[in-house]
Amino acid sequence: MAAEEIRVSGTVQGVGFRPTVYRLAKACGLRGDVCNDGQGVLIRVSGREEAITEFVARLQIESPLLARINQLTRTPYEGELKFDNFVISTSVNNAIKTEVTPDAATCPQCQQEIFDPFSRFYRYPFTNCTHCGPRLSIIGAIPYDRCNTSMSSFAMCSECGKEYHNVENRRFHAQPVACHACGPAAWLERADGKSVTASMFSMLDDVDAVCTLLQKGEIVAIKGLGGIHLACDATQEAVVQKLRQRKKRYHKPFALMARDLEIIEQYCIVNVKEKELLTSSAAPIVLLQASGKKQLASSVASGQNTLGFMLPYTPLHHLILRRMNRPIVLTSGNLVDEPQCIDNDEVREKLGTIADYFILHNREIINRVDDSVVRVMGDKAQTIRRARGYAPASISLPLGFHKVSQILAMGSELKNTFCLLREGEAILSQHLGDLENAAAFNAYQVNLNLYLNLFEYKPEVIAIDKHPEYLSSKLGKELADANKIKIYPIQHHHAHIAACMAENGIPLDSSPILGIALDGLGYGDDGTLWGGEFLLADYRNFKRLATFRSVAMIGGEQAIYQPWRNTYAQLIAANLWDDCQQKYTDLEIFKFLRNKPIELLNQLIEKGINCPPASSVGRLFDAVAAAIGICQDKCSYEGQAAIAMEAIVDVSSLNNNKETLIYPFSFSFLDSIYCIDPRPMWQALLDDLQQQIPQAVMAAKFHQGLANAIVEMVKHLSQENLIYQVALTGGVFQNCILLEQVTKRLQTLGIKVLTHSLVPANDGGLSLGQAVISAAQLIHDC
């Protein structure tokens, strides 16, 4: 007889892993036990050696749907196993090395039960099992046991207790298990404080009444899994406009939820990969191509050709939408720029002037978790926002990072996440938002402390962005000083490239690759703002090989939200303003700019007053969009103009290499660096405006020209450097057209292209890059 101790790490708690171990051990005739502990799952078995080998093989093949085995180690067991059978033992508290499972969408079996009148879970909005339900949103400590979650205040009834302790039941040790008799409850409130009576609706219950309210054109705040949402009928223009005005979210597209795929397919084209994402346990918002067959309210996503849809992912959402034959808006329940509300009293205080009704419940949300957003580009899913369903599942690091110190990376200022590095894996937080908002920065600090406590994490190194004014960087410095630990300031675009390298499995000691990082802006090593960079980089170092011509950001941050400032700055930099006054006086953009305080703007540029030069491709997009008549005066969110311009591109003009359908860029060598100059593009664009070329064609010519310029620069740099791989990163590469055009052209040259999938190309992935660069530099320093 053989005896072994089997250690399993990864996503193995709260996913039905121990019952699977129990079932397989019994089937293989083994004795012993299994338990949860801080490192994952510990199995002790005795039996025939071939039976143990069969057990281990089957365990890796037959793991539960939500489980992920990162590592399985087998060692001989020293001592005697005194078991007559195989049992599930009590969890053990020790050093925390296990993972926290992401929240999971309602499984098909639980969906069936909530609509089955003969089930004790009929119409129960918090039904769950080991295959689905809340995880990250309710956990306060590891191990993932009920006493460490917000379900601790709900004592199980006898019926739930039987299922919880029955190893043959799919609710065996499902920590949030509950029912009508013993679990959380949902109720309806009026925002004006008046009482709600059942006779008002004659519905089955308060949850069912929400559907009627939505159909009647009311706005309802819904307390869901990881936060509060604001909902309304997405086909009623008046109520969608009302929601925009009350929430002060005037332009940014709203997320949508529909009862089933059939309803989504009435409004969008949905391919196989997109269906897989929509119906996955993560259940993210998926950006889909609008089909035009049926129309939603025009204010849902004005000026867009994509719609962000998700399917119901909790029993509460399924029950609300049971009778809803059309989509609903389901957007974050917050004031503009603030974090999503999670507390009942906070909802009443902050959303009482936005929502007409609240559907609330009494299960505490411990961790705020926004909805994830993904988009399929080519045949690959690209994460735009990594949150519910994905975070905080760990990301396995490439070869060379498996014995690094514990490193905390603080992330960026916008679209913030932070990252914990340990033993070959990166734990990336959920999306935390823009830290320039005080409430968001406070929430960031709360979440950071929660993660540090949750994982009993004591960083030995802290990584920050080099920008001296980022709040995340300042906080990182304070933590490093207080704990007397080393700090690594990391250049913004190097971090973007390293994040792309890490998620694509590039080993630590690999040769440098060419990274192309295009975004809004980041603090450069020369003290200027970068945003269009070609860096020859490995994890430790980088060399800046090329950039885009720097142009003044007139008014600093104002240029992000007033695109015309970038247009004027580009025309001045291209020495074309005099031409505009002589040759292009009839153009709408010239008339628009002429009404601005030109003399004052010129003085600001000449004296360098609040006009920092930036090589930002994001601002170039804004400038072109404003020139052709898109979001000329102002934007309500960063990137609005660029997104709107992508939406109108004349697709028939793409993939046509005629010079007349590609705007030209020039190339120069300035200050020991190659430079892409958009000046010839502006001359051609002004000529097109004068000839009244359609917006859609000009947008296509810009995308084509930009992609062509990027690839031509790569070809030029390849003559001087060994370039076999190129990483495309930064928020600009969330533009589907640009990404596909550049990727296709580079692959034609025989160059391998690395893009993002697991983490966002935008600043949401920056903390991963900061962490791996710090790890590489630390290893080198040692």
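This report walks through three spots in a predicted model: a helix, a sheet and a single threonine.

## Helix 20

Let's start with helix 20, which covers residues 640-647. Seven of its eight residues are buried, so the rest of the structure largely encloses this helix. The buried ones are Gln 640, Ala 641, Ala 642, Ala 644, Met 645, Glu 646 and Ala 647.

So what covers those buried residues of helix 20? The cover includes one strand, strand 15 (373-377). Helices are part of it too, among them helix 15 (563-573), helix 19 (617-627), helix 22 (695-718) and helix 23 (736-748).

## A six-stranded sheet

Next up is an open sheet built from six strands, with mixed pairing. Reading across it, the order goes 17-20-19-18-21-22. At the edges you'll find strand 17 (395-396) and strand 22 (486-490). Each of these two has a single partner strand, so one of its sides has no neighbour in the sheet.

Now look further in, at strand 18 (residues 407-409) and strand 21 (residues 461-465). These two pair in the parallel sense, over three bridges. If you'd like to find one bridge yourself, go to Ile 407: its bridge partner in strand 21 is Val 461.

## Thr 106

Finally, here's a single residue to zoom in on. Thr 106 sits in the loop between strand 5 (86-88) and helix 3 (108-114). Is Thr 106 buried or exposed? With a relative accessible area of 9%, Thr 106 counts as buried, because the cut-off for that is under 20%.

Leaving aside residues up to four places away in sequence, Thr 106 touches Gln 111, Cys 132, Tyr 313, Thr 314, Pro 315 and His 318.

Key
Residues are numbered from 1 along each chain as its sequence is written. This is a predicted model: local features need pLDDT of at least 70, side-chain atom pairs count only at pLDDT 80 or more; totals for chains, interfaces and linings use all residues. Side-chain values use heavy atoms; hydrogens and water are left out. Buried means under 20% relative accessible area, exposed over 50%, partly exposed in between (1.4 Å probe, protein chains only). Helices (H or I, at least four residues) and strands (E, at least two) are DSSP runs, numbered from the N terminus. Contact means heavy atoms within 4.5 Å. Two strands pair if DSSP finds at least two bridges between them.
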